[in-house]
Each structure stands twice: as C-alpha cells, then as structure tokens.
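Please lead me through this structure step by step, in running paragraphs suited to someone who has not met it before.

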Amino acid sequence: MAVKERKLTIARAMAEGIAQEMRTDESVFVMGEDVGPLGGVFGNTRGLYDEFGAERVRDTPISETAFMGAAVGAASDGMRPIVELMFVDFFGVCFDAIYNNMAKNAYFSGGNVKVPVVLMTSTGGGYSDGGQHSQCVYGTFAHLPGMKVVVPSNAYDAKGMMIAAIRDDNPVIFMYHKSLQGMGWLGTEKGATVHVPEEEYVVEFGKASTAKEGSDVTIVSLGVGVHHALKAAKTLEQDGISAEVIDLRTLVPLDRDYIFASVKKTGRLVVVDEDYHSYGVSGEVMASVVERDISILKAAPKRIAYPDIPIPFSPIMEQWALPNVEKIVEACLAFDYHQEQAALI
C-alpha cells in the first residue's frame with residue numbers, strides 16, 4: 001500500500017521547525033507583532049502560543065526598533081530569539097539595530113559575543129498592497145556583511161532552513177515570499193506546498209539546487225521566481241528549448257560554483273529576481289559567472305527584475321512591473337539556439 005505524502009505549506013513548515021527547536025532548546029523564543037494567539041499574520045507561528053505560552057511566544061507593540069534591539073541583547077546574553085519583522089519594508093525604523101548591532105557585534109567582539117538571532121520577514125508583491133508592503137530588498141540585506149540571508153521557495157527547504165537558522169550562531173535573515181506561504185488570500189503558489197518529513201532535518205546554507213534539469217539555457221532565481229521559471233521552462237519545451245532552473249536558496253552564502261557549473265553546461269543565462277533591477281541579486285549572479293570565465297557564455301546574459309521605481313498600488317501597473325512567466329519565456333526565446341549548428345554548416 002502506497003504511503004501518502006505529508007504535504008505542508010511553507011507557513012506550517014516554518015511553525016513546525018520552530019516548535020521542534022523550542023521543545024529541545026529552552027533558549028529559543030519568538031517575539032514580534034501578532035505572533036502570539038493569532039499565530040502570525042502569515043501563519044508562521046500558528047500553534048506555538050498554545051504549546052509554549054506567552055513567556056516564550058511574545059506579542060510586542062508596534063515598536064520594531066525596541067523589539068529588534070531586545071533581540072540583539074537577548075542573543076548576546078545567550079538566548080536564541082526568533083523575531084518577526086512583519087513586512088520587510090519596515091526595516092527602515094529598526095535598521096540600526098540590525099546592521100550596526102546584530103550584524104557586527106560578533107566581529108567587534110573578536111568572536112567572543114555570538115548573536116544567534118533569526119529575523120524572519122515577509123517579502124514580495126502581487127496583491128496590490130502598495131510600495132510600503134510589497135518590496136523584496138534581498139540585495140539590501142545580502143550586501144551587508146555579518147548576516148546570512150535565506151530565501152526558501154518551498155516548504156521542505158523552509159523547515160530545514162529554519163532549523164538551520166535557529167541553530168546558527170550568526171544572525172540569519174529568513175525572507176519568505178507572501179505568495180508562497182499557503183495563505184489563500186495572498187494567491188498562493190501551489191508548487192510551494194510539498195512533502196515535508198516530520199522529523200527534524202537541516203538544509204545546509206550555501207547549497208543551491210536544481211529545480212529542473214536542462215541543456216539549452218540556465219534560469220537562476222529564488223523564492224517565487226523559481227516557480228515562474230519552472231512554468232516558463234514548461235512553455236519553452238513546446239519550442240524545443242530545454243531550460244535548466246536553479247534555485248539559489250541562500251544569498252549569503254551564495255553558491256557561485258553551482259551557478260557557474262550550470263551556465264558552463266548550457267552557455268546561456270537568465271536571472272529572475274523580484275528585487276529592484278539595479279545593484280541587486282541579478283547583477284551579482286551575472287558577475288559571478290563572467291568574472292570567472294566569460295568564454296563559457298554563448299550570448300550576453302539577461303536579467304528580469306523589478307524596474308527601479310516605487311512599487312505601484314494600481315493592480316495593473318504592479319503586474320506590469322513584476323517579473324512573470326511571459327517575460328522569462330520572451331527572454332529565453334531571444335537567444336539564438338541555432339547559432340552552433342549554423343556555424344558548422
């Protein structure tokens with residue numbers, strides 16, 4: 001008799017990973033806005049308050065600067081706080097605690113003070129919530145040394161990466177895309193809900209994965225972009241083009257070797273990123289390839305990212321700006337796949 005797979009949403013996978021670590025390590029606790037009885041606006045802490053109580057699952061006032069600073073202090077004193085910044089767009093009011101304290105205190109102390117904070121925060125648009133609730137700003141956090149940055153695209157990775165983040169002695173920014181959480185009102189991506197083992201496990205940071213193998217073009221992405229890329233790859237198959245889809249999983253550390261190996265095989269590169277076009281993930285991925293050996297490329301790489309504009313509230317304008325399947329397909333079709341064959345004739 002076949003065993004039915006246990007599938008979870010990313011939100012439930014995150015909550016399960018947190019609960020398992022809280023059962024085995026009393027220094028782990030959660031705080032943030034609405035993380036208690038409500039279980040988090042995006043469901044990431046559902047059930048934790050009932051099991052662990054208000055002492056270890058703490059609702060906070062709307063005071064990001066205060067509770068982010070408290071997390072740094074608690075971590076420096078031996079605790080392992082998980083703190084939720086409800087929308088990453090709010091980072092501005094508490095950024096001093098993040099990049100001047102959380103990220104640097106281990107370095108400033110010569111490694112004598114560990115700062116094991118997990119900062120989990122939502123990213124992404126697509127449901128018309130305006131420019132203060134829809135950004136990704138992956139590059140902003142990945143640009144600053146001292147923090148690890150992870151972006152899961154599915155529930156299996158989300159649980160394994162959450163457990164790895166909690167056990168890490170360094171601050172980890174855990175960025176989850178709203179449309180992958182499994183919350184119906186956010187237009188959930190079904191492909192993010194996958195089999196998740198009940199037992200504890202770790203997904204190692206710095207290891208990208210192949211979401212789909214291919215031979216003609218490499219599409220590199222993260223978060224919801226991986227799902228766009230997979231759908232584009234299916235469309236491209238109808239034109240006889242075999243696309244390989246690489247899921248970065250973590251931005252810091254970045255698996256540059258894995259990206260390079262895939263592009264070396266296909267000779268073509270498209271990077272898909274919902275963060276802003278300039279100074280971001282897409283440019284870093286492309287540089288990682290061309291700096292090492294530009295000769296492996298059969299054509300100039302392409303990137304599909306958010307244009308350098310504030311995110312519009314208007315649904316039509318927002319959808320115009322967001323990366324999507326059609327843009328990826330168009331970029332991939334623009335390559336000349338008959339170049340080599342023509343040269344041989």
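The model is predicted, and a convenient place to begin is with its cysteines, since the structure holds zero disulfides. C94 takes part in no disulfide, and the nearest cysteine sulfur to that of C94, belonging to C136, is 17 Å away. The same separation applies from the other side, for C136 is in no disulfide either and has the sulfur of C94 as its nearest cysteine sulfur, 17 Å away. Because a disulfide calls for two cysteine sulfur atoms within 2.5 Å, a distance of 17 Å rules out such a pair here. Both cysteines are nevertheless covered: C94 counts as buried because its relative accessibility is 1%, and C136 counts as buried because its value is 2%.

From the cysteines one can turn to the nonpolar interior. In soluble globular proteins, nonpolar side chains tend to be buried together. The largest nonpolar core in this model has 49 residues, and M68, I98, F141 and L248 are those with the most contacts inside it. Helix α3 supplies the largest share of this core, six residues. Domain 1 (9-195) and domain 2 (209-334) both give residues to the core, and therefore it lies between them. Around M68, leaving out residues up to four places away in sequence, the contacts are V83, L85, C94, A97, I98, M102 and L119, so that C94, buried at 1% relative accessibility, appears again here as a neighbour of M68. Apart from this core lies another, of 39 residues, which includes M22, V172, L186 and Y201.

M22 also belongs to the buried residues of helix α1. Of the 15 residues in this helix, 12 are buried, which leaves α1 mostly covered; among them are I10, M14, E16, I18 and Q20. The length of the helix can be checked as well: at 1.5 Å a residue, the 15 residues of α1 (residues 10-24) should span 21 Å, and because its end C-alpha atoms are 22 Å apart, the two values agree.

The same check can be made on helix α10 (residues 281-293), whose 13 residues should span 18 Å at 1.5 Å a residue and whose end C-alpha atoms are 19 Å apart, which agrees. Its buried residues are V281, S282, V285, M286, S288 and V289, and they pack against several elements, including α6 (138-142), α9 (256-266) and β13 (269-276). Strand β12 (250-252) is also one of these partners.

The loops hold some further details of the backbone. Most residues other than glycine have a negative phi, and most peptide bonds are trans. In the loop between β12 and α9 lies P253, and the peptide bond from V252 to P253 is cis, with omega near 0°. R249, in the loop between β11 (243-247) and β12, has a positive phi of about 65° although it is not a glycine, and with a relative accessible area of 15% it is buried. D34 likewise has a positive phi, near 65°, without being glycine; this residue is found in the loop between β2 (28-32) and α2 (48-52) and is partly exposed, at 35% relative accessible area.

Finally, T60 sits in the loop between β3 (57-59) and α3 (64-76) and counts as buried because its relative accessibility is 17%. Beyond its neighbours within four places in sequence, T60 is in contact with M31, G32, E33 and F67, and a polar atom of the T60 side chain lies 3.5 Å from the backbone nitrogen of E33.

How values were computed. Residues numbered from 1 in each chain as written. Predicted model: local features only at pLDDT ≥ 70, side-chain atom pairs only at ≥ 80, totals over all residues. Heavy atoms only, no water. Buried < 20%, exposed > 50% of the residue type's maximum accessible area, 1.4 Å probe, protein only. Helix = DSSP H or I, 4+ residues; strand = E, 2+ residues; numbered from the N terminus. Polar contact = N/O pair within 3.5 Å; in protein donor to acceptor, adjacent residues only side chain to side chain. Contact = heavy atoms within 4.5 Å. Expected span 1.5 Å × (residues − 1). Core = buried A, V, L, I, M, F, W, Y, C linked by side-chain atoms within 4.5 Å. Domains from an automatic or database assignment.
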